[in-house]
Amino acid sequence: RLSSLLRTLEVSNLDEFNYLNDVADFATLLATYSEGIARFAVIMEPNGSSIPGAIEPRLQLACLDSSLAIAPLFKRFSSVVITSGTLSPIDLYPKLLDFEPRVSESFSMSTFRPCIRPLIVSRGSDQTQISTRYQDRDDPNVTRNYGQLMVDLCSSIPDGIVAFFTSYSYLETIVVAWELAGVLKQISEKKLIFIETKDVMETSLALTNYRKACDSGKGAVFLSVARGKVSEGINFDRHYGRAVILFGVPFQYTKSHVLIARLEFLQTHYNIKEADFLNFDALRQASQCVGRVIRSKTDYGLMIFADARYNRRDKRNKLPKWIKQFLLDGFMNLSSDVAVSFTKQFLREMSQPIDQKKLQKVFFSAEELTAMEAKLAEARKVEGGGHVVGISEATEGGQTITMDVDDSS
């Protein structure tokens, strides 16, 4: 209507009405979702700017119910299989997506060697507890121990290392502190340093140069942010990622008005407690970050959780099964110097030639696949042509939820 009015009035300079257009678009969006508005909320963020020091209020329409996105899929298809390597804990997803699963199963990873080495580092070499909790993150002892851990790992691990921090602001704080303490200079003597920024083009260029540095044999360190571009969709396979270090537990910003509204919605409608969702979301993101390091059967890498809170049962139990199967008791509650010794031991083991016979045993042969197909065909005959969903042992780690929403097909 606004565009029609402006054309009728023959307004020549439409740029003057851009802000009014934004208001009209937002009002149209509100009207579109006026039905069932309880699943949406109009949120006013007093400062929605990503630029430090800039004041930029933001008005937004936030969807509080994630089940709305997948509901059309359940209506259209008779059987839906949801599978991922980070669906953990698996029992929370049916609540969030509002459905009842027919089959819910978590699989371990089938490997021919222990190609993943998760380590929980809770203390520095001086036995000071390390954590990015709000009350600890400005502690110079924590910053120093994180820096020393990074230097020691760069001295021990060849090729590429990816380090994830909990936020851009914390990354900037650590980089400044490490620069003043001479940590970055020590790291640069071993590897080139690249840093993720909020600028997409800058980050893409940094990733390209990071890979070139790894290809050249020099090796590199990529300092990035959980929930950033690098944490999702970017693979660090082979020599591009021999280790991932996660500094802290990547919780969401708990003072966000959107998050507060969503937590209230989940508590009211699905009886999901605030702490349960925040822990679930943080550990899912942690799994997403460290999972960048392993991308094939012959790949290998280190997953270093550098925060004392990962020692707590309520945290580590939310990690996927394919990570927990390698997380032995001896790899938890480590000091940084012990973790470095485990790192060297793991790399020596992985440097040995691949046993091709053992490797072939973790794959299905043509005969096994033929037998599986025959078994499924026989099952369909027994069911009288009904719909049968079969799940075999996974060759890669992950969790599967199967939902059969309609028996009529």
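These are my notebook entries on one strand, its neighbours, a helix and a loop residue.

**Ground rules.** I am reading a predicted model, where local features need pLDDT of at least 70, side-chain atom pairs count only at pLDDT 80 or more, and totals for chains, interfaces and linings use all residues. Residues are numbered from 1 along each chain as its sequence is written, and side-chain values use heavy atoms, with hydrogens and water left out.

**Strand S8.** I looked up residues 220-225, strand S8 (strands are DSSP runs of E, at least two residues, numbered from the N terminus). Is S8 buried or exposed? Six of its six residues are buried (under 20% relative accessible area, 1.4 Å probe, protein chains only), so the rest of the structure largely encloses S8. In a regular strand the side chains alternate between the two faces of the sheet. I checked both faces of S8: Ala220, Phe222 and Ser224 are buried on one side, and Val221, Leu223 and Val225 on the other.

**Its partners.** Strands pair if DSSP finds at least two bridges between them. S6 (residues 160-165) runs parallel to S8, joined by six bridges. Gly160 sits opposite Ala220. S7 (residues 192-195) also pairs with S8 in the parallel sense, over four bridges. There, Ile195 has Leu223 as its bridge partner.

**Helix H10.** Helices are DSSP runs of H or I, at least four residues. H10 covers residues 274-290. I found 13 of its 17 residues buried, so H10 is largely enclosed by the rest of the structure.

**Val11.** I found Val11 in the loop between helix H1 (2-8) and helix H2 (18-32). Its relative accessibility is 25%, so Val11 counts as partly exposed (between buried and exposed, the latter being over 50%).

Technical notes: The expected span of a helix is 1.5 Å times one less than its number of residues.
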